[in-house]
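Biologist: Could you take me through one part of this protein slowly, as if I were seeing a fold for the first time? I would like to look closely at a sheet and at what packs around it.

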Amino acid sequence: MKHLLFANVKRGTALLLAILFAATAALTGCSSDSYDEPSSGAISNVAIEGHATNVVIEPATLKGWMDAGLINAPNSFDGRVVILDVTEEALYYSKGHIPGAQLWNMSENYQNRVEGPALSAEMVLDGPSMDKMLQKHGIDERTTIVITSSFNETHKVLRAYAQFRYWGFPKERLKVLNGFNGVWPVDQLTVEVPVVAPSTYSVRQLGTLRSDLRTSLSEMIVAVRSGSHQPIDFRGTAPPFSTPGVFSDVAGDYVVFEGLVVGGKTYDWKKFNVDYAAGKAASGVGSAGFQFKSAADIAADLALAGIDNSKPIITSCRSGNIASAAFF
């Protein structure tokens, strides 16, 4: 049974360096009928020149891609860029967003489904659902994806990053705007919704399903018993917890087993960001928000928290959103 735990399988400082660096990967093509066994056969999919490693980008980089005409560019073999505003339409997107940005609705960022003995809420998207999202936003094998948001809290936004990584999108094709829409000039935001031609792209064409980035319940038990991994609950609250459940329409829905797994640690996910509290409290479109801390600052903070970074880290929370921000 797959469980909503995202595992970083790289050792050492990989969790830290994921913010600044990315491993080189290649997309693959030729369609397959299976989402679990994607097709093989390499196709050219190089990153935009000069941007193969940095995952976090600054506004000037995105502005440069705008000026080069790469945003939602049709048939651009020199590279095309799709900006995804991961947010809610009525509360945020409709009030102003970066020009050319498309709405990646938070409510479509996960689904309830059965991967074990019972229905689980807020699971990662299955293959057909992910394909529907890709095609709606015109994403294909030439696309560099920039994730941003009109919403300052990183945990629900970076769930999209985890989804793309899980389905095999290489890091050099995934970018996150540092500070989201809060760093974009207010007078340069728009309410205009871009018209984008849909694609026919499928995650089956990637050929690199990263099922190793999710930890099943049985794998978690083995990891805890063997001490091979470092589990971290990134909600940041010391037990005992009292966590509401994820089925909001069910009265008395609470997480059944509260507490921290043996050998686990707690760490507040907000510590990955600078000035998170100010960003959350700020009101209005384009208000100043947060920025990500440097890898060096995060490394020092993790060390102070007594986290063993020599082991692969399993990130966990209640439903996978906060765990996704920590995974990023």
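Modeller: Happily! In this predicted model, five strands form an open sheet, and reading across it gives the order β2-β8-β7-β3-β4, with parallel pairing. The edges are taken by β2 and β4 (102–105), which have a single partner strand each, so one side of each is left without a neighbour in the sheet.

Now step inside the sheet, to β7 and β8. These two strands pair in the parallel sense over three bridges. To find the pairing in your viewer, click on Val-146 and look across to β8: its bridge partner there is Lys-175.

Next, bring in a helix. Helix α2 covers residues 59–67, and within it Thr-61, Leu-62, Trp-65 and Met-66 are buried. Seen down the axis of α2, these buried residues fall within an arc of 145°, so they line one face of the helix. Here is a handy rule behind such patterns: an α-helix has 3.6 residues a turn, so residues three or four places apart point the same way. The face of α2 turned away from its buried side carries Ala-60 and Asp-67, which are exposed. And what do the buried residues touch? They pack against β2 (56–57), β3 (80–87), β7 (143–148) and β8 (174–177), and those four strands belong to the sheet we began with. Just after α2 comes Gly-69, with a positive phi of about 75°.

Stay with β8 a little longer and pick out Val-176. Setting aside neighbours within four places in sequence, Val-176 is in contact with Val-55, Val-56, Ile-57, Ile-147, Leu-158, Tyr-161, Phe-292 and Phe-328. Val-176 also belongs to the largest nonpolar core, which has 51 residues; together with Tyr-161, Phe-164 and Phe-169, Val-176 touches the most other members. Two or more residues of this core come from each of β3, α3 (127–136), β7, α4 (154–166), β8, α7 (295–304) and α8 (321–327). The largest share, seven residues, is given by α4. Apart from this core lies another one, of 14 residues, including Val-81, Ile-98, Ala-101 and Val-146. You have met Val-146 already, as the bridge partner of Lys-175. In soluble globular proteins, nonpolar side chains tend to be buried together.

Note on methods. Residues are numbered from 1 along each chain as its sequence is written. This is a predicted model: local features need pLDDT of at least 70, side-chain atom pairs count only at pLDDT 80 or more; totals for chains, interfaces and linings use all residues. Side-chain values use heavy atoms; hydrogens and water are left out. Buried means under 20% relative accessible area, exposed over 50%, partly exposed in between (1.4 Å probe, protein chains only). The arc is that of the directions from the helix axis to the C-beta atoms. Contact means heavy atoms within 4.5 Å. Two strands pair if DSSP finds at least two bridges between them. A nonpolar core is a set of buried Ala, Val, Leu, Ile, Met, Phe, Trp, Tyr and Cys residues joined through side-chain atoms within 4.5 Å.
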